[in-house]
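Work through the exercises below with the model open. Each task is followed by a solution in steps.

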Amino acid sequence: MAAAKAQAAKRAAERRAAEQRKRDGIWGSIKKGNFGAAWDNTVDEAQSVWDDKLTSADWWKHYGVDKLITAAAVTGTALCIASAVCGMGLFVVGASALFVAGLGGHMAVATEEDRRQGATQYLVRTAEAEVKGIALGTLWGRGVGGALWGEEEARPVGRPEGVICGPRDSSPAGIPLRTVPQEGRV
């Protein structure tokens, strides 16, 4: 009987210590100098991520939808910036259509219970995925992708391949560096 009481008291003390460790969190434990508790919190957090996300088929489905939204936004934004025909109006229409399609994608892979809750639960994650894609697409639009389609615009007339900047036909001192070949002359 005394051994059972001692064992119950020990379990209760361990439970209180674990609750305090959870309340302190990783950084709180480090501040207190309790590195063992900080390590235990880190392991518990990693286990929680593993259990809640990485082993869940639903999490992977929604993760995949987010990645597709991001990839479509990167591609659409880069093509829109790199081409001369896409204006702000067409860009906004395309981004809006992608957002609605992203919400539809999340609803398509959602469980029946999640569908009853509605698409509002996916608004933030869809917007985040699209904003990431637009930001990356902006970098690619006139970066690598823009260099492929926009090279002729960037090179002044009469410049040889690879020369993008510099004085047009003369040095700053006014001495001609070279002359542009005229048609018909050899």
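Helices here are DSSP runs of H or I with at least four residues, numbered from the N terminus. Thr 126, for instance, lies in helix α6, residues 123-141. The model is a predicted one.

**Exercise 1. Describe the overall fold content of the protein chain.**

Solution.
- Count the elements: the protein chain has seven helices and zero strands.
- Read them from the N terminus on: α-α-α-α-α-α-α.
- Check burial: of the 186 residues, 23% are buried.
- Turn to the surface. The accessible area is about 13200 Å², and 64% of that belongs to carbon and sulfur atoms.
- Finish with contacts. Take those between residues at least 6 apart in sequence; 46% of these join residues at least 24 apart.

**Exercise 2. Test whether the span of helix α3 agrees with its number of residues.**

Solution.
- Helix α3 covers residues 57-82, which makes 26 residues.
- The expected span is 1.5 Å times one less than the number of residues.
- For α3 that gives 38 Å.
- The end C-alpha atoms are 37 Å apart, which agrees with the expected span.

**Exercise 3. Is Thr 126 buried or exposed, and which residues does Thr 126 touch?**

Solution.
- The relative accessible area of Thr 126 is 0%.
- Buried means under 20%, so Thr 126 is buried.
- Leave out residues up to four places away in sequence. Thr 126 then touches Ile 69, Phe 99, Gly 102, Leu 103 and His 106.

**Exercise 4. Find the largest nonpolar core and the helix with the largest share of this core.**

Solution.
- The core has five residues: Val 65, Ile 69, Ala 73, Leu 98 and Ala 129.
- Three residues of this core come from α3, the largest share.
- Val 65, Ile 69 and Ala 73 are among the buried residues of α3, a list that also includes His 62, Asp 66 and Thr 70.
- Follow Val 65 outward. With residues up to four places away in sequence not counted, Val 65 touches Gly 102, Gly 105, His 106 and Val 109.

**Exercise 5. List the salt bridges, and place each partner by accessibility.**

Solution.
- Start from the principle: side chains of opposite charge can pair when their charged atoms come close.
- The cut-off is 4 Å between a side-chain nitrogen of Lys or Arg and a carboxyl oxygen of Asp or Glu. The count comes to three salt bridges.
- Take Lys 32 and Asp 24: their closest N and O atoms are 2.9 Å apart. Lys 32 is exposed at 56% relative accessibility. Asp 24 is partly exposed at 22%.
- Take Arg 125 and Asp 66: the closest N and O atoms are 2.8 Å apart. Arg 125 lies in helix α6 and Asp 66 in helix α3, so the pair ties together parts 59 residues apart in sequence. Arg 125 is partly exposed at 26%, whereas Asp 66 is buried at 12%.
- Take Arg 115 and Glu 112: the closest N and O atoms are 3.4 Å apart. The two are three residues apart in helix α5, residues 112-117, so about one helical turn separates them. Arg 115 is partly exposed at 35%. Glu 112 is partly exposed at 48%.

**Exercise 6. Which residues form a nonpolar patch on the surface?**

Solution.
- The patch is made of Ile 26, Trp 27, Ile 30 and Phe 35.
- Together they have about 440 Å² of accessible area.
- Helix α1, residues 2-31, gives the largest share, three residues.
- Ile 26 lies in α1. At 31% relative accessibility, Ile 26 counts as partly exposed.

How values were computed:
Residues numbered from 1 in each chain as written. Predicted model: local features only at pLDDT ≥ 70, side-chain atom pairs only at ≥ 80, totals over all residues. Heavy atoms only, no water. Buried < 20%, exposed > 50% of the residue type's maximum accessible area, 1.4 Å probe, protein only. Contact = heavy atoms within 4.5 Å. Patch = residues over 30% accessible without salt bridge, like charges linked within 9 Å, V, L, I, M, F, W, Y side chains within 5 Å. Areas by Shrake-Rupley, 256 points an atom, 1.4 Å probe, with all protein chains shown as cover. Core = buried A, V, L, I, M, F, W, Y, C linked by side-chain atoms within 4.5 Å.
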